[in-house]
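User: I am new to this structure and would like to learn how to read some of its features, one after another. Could we go through them together?

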Amino acid sequence: IDLLAGAAVPFLPVGAWAVRVFDFPRIQLAACAAVPIALLITDGAMGPWTTAHAVLIALALVSAGWQLAHALPFTPIWRHELAPVASSTDARIRLAVSNLSKENNRKDAARDALRAVDADVLLLIEFGDDWARALEPLADAYPHRVNEIRDHGLGMALWSRFDITNADVRHLVSRSRPSIHARLTLPGGRPARVVGVHPTPPGLDKNETDEADADAGERHDSRIRDAELVRLAREIRDDEDTDTPWIVLGDLNDVAWSHTTRLFKRLSGLKDPRVGRGLVNSYHAQRPLFRYPIDHLFLSPGFTIGALGRERLPGSDHFLLYADVRLDAPDGPECEDDPSDRKEASKLAAEGDRETDEPA
């Protein structure tokens, strides 16, 4: 019964964090099905085999299969959403996103790890004054920088070896959650739009974000996160410059297979390099049994992928996620114009506005 409930809960059309959290542990819940199946088989072998044994085993298998089906696209048996580069010798652009962790005390080691990754475009999350000082020795490698320094893990920085123009720090839903929007000039003079995001985690204690009016134990609803993602997706969809590709990087605080992330992809037309390649779980770095793909890179279909992986960042609870990419064609997003998606996006955006305590 518990396994079936775990599979059914995410169908509830509500934003409560206690419901949406069941989007995350699908693989773990599928693995848990092995226990009742083994017990039922053992019990049936030791005594009379009944119809109840067969029914319960079938239900456990169905539950496990349903959970695993969500992760199946992120395995090598699935077709790539973004094609591999034509040759390993092709020039690459390395994109990386790294949640530094505001409580990370191993800043020197983390700085060395960032230097070793050697990214061309780097999004740094939870970027505060202490991180700005600690990472200053990397400044020469990244002459183009946009820093939004904030406490409480709310800061963000976009560093690049390529020219950054039209940089803008915006607040799509809440004043406490900035996003960085800019234009890059890639090798060969090709332009690309880049956005860095870090939506509010569902279930985050409001006191952790220093909200003075928050009651003890009061937690954020997932609709604030959802609203930020669909609002960004609609902006990408409505962009009239269809020949300019998009790059979206960030800690989305949502798994790759969730309904909201898949809605974001359909609305925006962006593709996930994980599809057909692997989960590349980025969080939690210190808990191997509870790791999920919540740090993301989404790209327009004109990009091809040379490598996709992660690197440990000392002291952080996140792995750094990177992708080596090449822009083969200046294609913009391929949006799916589904009226039901548009309607749902409008609903999520309105619910997020109602839930936030600090409207943008």
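**Reading the backbone, the helices and the pockets**

Analyst: A good place to begin is Glu-126, which sits in the loop between strand S2 (121-125) and helix H7 (129-134). Please keep in mind throughout that this is a predicted model.

User: What is the sign of phi at Glu-126, and is the residue buried or exposed?

Analyst: Glu-126 has a positive phi of about 60° although it is not a glycine. Its relative accessible area is 14%, so Glu-126 is buried.

User: Where does Asn-166 lie, and what is its phi?

Analyst: Asn-166 belongs to strand S5 (residues 163-170), and it too is not a glycine but has a positive phi, of about 55°. Because its relative accessibility is 63%, Asn-166 counts as exposed. A further positive phi, of about 60°, is taken by Asp-118 just after H6.

User: Which peptide bond is cis?

Analyst: The bond from Tyr-283 to His-284 is cis, and its omega is near 15°. As for the setting, His-284 is placed in the loop between H9 and strand S9 (295-299).

User: How do I read the length of a helix, taking H4 as the case?

Analyst: The idea is to set the distance between the end C-alpha atoms beside the span expected at 1.5 Å a residue. Helix H4 (residues 34-46) has 13 residues and should therefore span 18 Å, which agrees with the 18 Å between its end C-alpha atoms. Helix H10 (residues 339-355), with 17 residues, reaches 25 Å from its first C-alpha to its last, and this is close to the 24 Å expected.

User: Which residues of H4 are buried, and where do they lie around the axis?

Analyst: Here one counts a residue as buried when its relative accessible area is under 20%, and as exposed when it is over 50%. In H4 the buried residues are Ile-37, Leu-40 and Gly-44. They cover an arc of only 65° around the axis, and therefore they lie on the same side of H4. The face turned away from this buried side carries the exposed residues Val-35, Leu-39, Ala-45 and Met-46, while H5 is included in what covers the buried residues of H4.

User: Which residues are buried in H10, and what do they pack against?

Analyst: In H10, the buried residues are Asp-341, Ala-345, Leu-348, Ala-349, Glu-351 and Gly-352. They are on the same side of H10, because the arc they cover around the axis is only 165°. Pro-339, Lys-343 and Arg-354 are exposed on the other side of H10, whereas the buried residues of H10 pack against helix H8 (222-237) and helix H9 (259-268).

User: Which residues of H6 are buried, and which elements do they pack against?

Analyst: Helix H6 (residues 107-117) has Lys-107, Ala-110, Arg-111, Ala-113, Leu-114 and Val-117 as buried residues. Their arc around the axis is only 160°, which puts them on the same side of H6. The buried residues of H6 pack against strand S1 (93-99), S2, H7, strand S10 (303-312) and strand S11 (319-327).

User: How far apart are Val-19 and Ser-222 in sequence and in space?

Analyst: Val-19 and Ser-222 are separated by 203 residues in sequence, and their C-alpha atoms are 9.3 Å apart in space. Val-19 itself is part of helix H2 (residues 17-20), and because its relative accessibility is 13%, Val-19 counts as buried. Leaving aside residues up to four places away in sequence, Val-19 touches Val-9, Leu-12 and Val-14.

User: What volume does the largest pocket have, and which residues are closest to its centre?

Analyst: Empty space can be found by rolling a probe the size of a water molecule over the atoms. In this model, the largest pocket holds about 1,100 Å³ of space. It is lined by 35 residues, of which Pro-201, Leu-204, Asn-253, Tyr-283 and Asp-317 are the closest to its centre. The lining of the largest pocket divides into 12 nonpolar, 13 polar and 10 charged residues.

User: What lines the second largest pocket?

Analyst: The second largest pocket, with a volume of about 420 Å³, is lined by 20 residues, and the closest to its centre are Pro-10, Phe-11, Arg-20, His-259 and Glu-344. Helix H5 (51-71), H8, H9 and H10 are the elements that give two or more residues to this lining. By type, the lining of the second largest pocket has seven nonpolar, four polar and nine charged residues.

Notes:
Residues are numbered from 1 along each chain as its sequence is written. This is a predicted model: local features need pLDDT of at least 70, side-chain atom pairs count only at pLDDT 80 or more; totals for chains, interfaces and linings use all residues. Side-chain values use heavy atoms; hydrogens and water are left out. Helices (H or I, at least four residues) and strands (E, at least two) are DSSP runs, numbered from the N terminus. The expected span of a helix is 1.5 Å times one less than its number of residues. Buried means under 20% relative accessible area, exposed over 50%, partly exposed in between (1.4 Å probe, protein chains only). The arc is that of the directions from the helix axis to the C-beta atoms. Contact means heavy atoms within 4.5 Å. On a 1 Å grid over the protein atoms alone, a cavity is a set of points where a 1.4 Å probe fits but cannot get out, and a pocket is an open set with protein on both sides within 12 Å along at least five of seven lines; lining residues have an atom within 4 Å of a point. Grid points are joined across faces, edges and corners, and a volume is the space filled by probe spheres set on the points. Ala, Val, Leu, Ile, Met, Phe, Trp, Tyr, Cys and Pro count as nonpolar, Asp, Glu, Lys and Arg as charged, and the others, Gly among them, as polar.
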